[in-house]
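Got the viewer open? Let's take a walk through the chain, one selection at a time.

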Amino acid sequence: MKRSGPLLTLLAGLLLALFMLSLNATTGTRLTSSSGGEPPDTKASQSPTPSLTPTPTPTPTPTPTPTKATPPPNADYAGRTDDDSSAVAVSLRDGKAVAYFCDGRDKESWLKGDVEDDGSMKLTGGNGGVLNGTLKDTRIRGTVDIGGQEYGFTADKAVKPSGLYRATETVRGAKVDGGWIVLRDGRQVGILKRDGKPSAAPRIDPGTGAVAIDGVRLTARPVTP
């Protein structure tokens, strides 16, 4: 009996050890099956990221190209002052103008300058002469300031042979400078200077511009800027 006591104690200890091992094995399997399996598919549980639609780039509004203004058309104009004492002629070419004021006796002035796109002009000449005018349709209306006196004038579009003419030449040793305004009704107003001395100009042939000065035939030609 003394020997069986220790054996029983040893056998009980072995059984207890086997039971504990069996228990541990069972618990480990369960834990492994519950926690050691494949992790859940996180990709499937996540919401798909929406694709970003690119914001369309706005089409820039084209800047309108400013309409380029055009200068008044090339033409000639001739007319009388408001007091009917003198004549005025203006020749326009490519935004430039030359004008002639003449009373047919001893007062005259050649003037020149630019013509704005709206038809306005300020022409200047010798001795402080100034012409301010505006072209509208087929007529220039304005003023000429000569020698401190202002003349209003109206010049209508000229039809050949009306217009502005000039002849510059040396005749019999004298410097000759003549200016003529031929009006639409055929009248002519002009001054001829011999070495700077003014006098009424002889008539020119409107068709050819021919004029005889001191027995010498000259040709008065149309004036352009």
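Strands here are DSSP runs of E at least two residues long, numbered from the N terminus. With that in mind, your opening selection is Ile213, whose place is in strand β13, residues 210–213. One thing to keep in view throughout: this is a predicted model.

**Stop: Ile213**

Is Ile213 buried or exposed? Buried means under 20% relative accessible area, and Ile213 counts as buried because its relative accessibility is 2%. Show its surroundings and, leaving out residues up to four places away in sequence, you'll find Ile213 touching Val171, Val176, Leu192, Arg194, Pro202 and Leu218. Now draw a distance from its C-alpha to that of Gly178: the two are 35 residues apart along the chain, yet 9.9 Å separates them.

**Zoom out: the whole chain**

Before going further, colour by secondary structure. The protein chain has 2 helices and 15 strands. Its 225 residues include 33% that are buried. Switch on a surface and you are looking at about 14,900 Å² exposed, with carbon and sulfur atoms supplying 55% of it. As for contacts with a separation of 6 or more, residues 24 or more positions apart account for 38% of them.

**Stop: the open sheet**

Next, select β9, β10, β11, β12 and β15. These 5 strands form an open sheet with antiparallel pairing, in the order β12-β11-β10-β9-β15. At the edges sit β12 (197–200) and β15 (221–222), each pairing on one side only.

Inside that sheet, narrow the selection to β10 and β11. Strand β11 covers residues 188–194, and 7 bridges link it to β10 in the antiparallel sense. Which residue of β11 is the bridge partner of Val176? Click across and you land on Arg194. You have met both already: Val176 and Arg194 are among the residues that Ile213 touches.

Stay on β10 (residues 174–182) and pick out Ile181. Ile181 has 0% relative accessibility, so it counts as buried. Its contacts, neighbours within four places in sequence aside, are worth showing as sticks: Ala78, Ala87, Val88, Ala89, Tyr100, Cys102, Gly163, Leu164, Arg187, Gln188 and Val189. For a distance check, Arg166 lies 15 residues from Ile181 in sequence, and their C-alpha atoms are 8.9 Å apart.

**Stop: a run of hairpins**

Now move to residues 108–114, which make up β4, and follow the chain into β5, residues 120–125. The two strands pair antiparallel over 2 bridges; in one pairing, Leu111 has Gly125 of β5 as its bridge partner. Between β4 and β5 the hairpin has 5 residues, and Gly119 in the turn shows a positive phi of about 90°.

Keep going to β6, residues 130–136, which runs antiparallel to β5 and is joined to it by 5 bridges. Look for Leu123 standing opposite Leu131 in β6. This hairpin has 4 residues between its strands, and here Asn127 takes a positive phi near 60°.

Pause on β6 and turn on the side chains. Which residues point to the face where they are buried? They are Leu131, Gly133 and Leu135, while Val130, Asn132, Thr134 and Lys136 point to the other face and are not buried.

One more hairpin brings you to β7, residues 139–146, antiparallel to β6 and tied to it by 7 bridges. Gly133 has Gly142 of β7 as its bridge partner. With 2 residues between β6 and β7, the turn holds Asp137, whose positive phi is about 60°.

**Last stop: the largest pocket**

Rolling a probe the size of a water molecule over the atoms shows where empty space is left. In this model, about 160 Å³ of space lies in the largest pocket. To see its walls, select Lys107, Glu108, Ser109, Trp110, Gly126, Asn127, Gly128, Gly129, Ile146, Gly147 and Lys193. Asn127, from the β5–β6 hairpin, is one of those lining residues. Which strand gives the largest share of the lining? That is β4, with 3 residues. Colour the lining by class to finish: you should get 6 polar, 3 charged and 2 nonpolar residues.

How values were computed: Residues are numbered from 1 along each chain as its sequence is written. This is a predicted model: local features need pLDDT of at least 70, side-chain atom pairs count only at pLDDT 80 or more; totals for chains, interfaces and linings use all residues. Side-chain values use heavy atoms; hydrogens and water are left out. Buried means under 20% relative accessible area, exposed over 50%, partly exposed in between (1.4 Å probe, protein chains only). Contact means heavy atoms within 4.5 Å. Accessible areas come from the Shrake-Rupley method with a 1.4 Å probe; for residues, only the protein chains shown count as cover. Two strands pair if DSSP finds at least two bridges between them. On a 1 Å grid over the protein atoms alone, a cavity is a set of points where a 1.4 Å probe fits but cannot get out, and a pocket is an open set with protein on both sides within 12 Å along at least five of seven lines; lining residues have an atom within 4 Å of a point. Grid points are joined across faces, edges and corners, and a volume is the space filled by probe spheres set on the points. Ala, Val, Leu, Ile, Met, Phe, Trp, Tyr, Cys and Pro count as nonpolar, Asp, Glu, Lys and Arg as charged, and the others, Gly among them, as polar.
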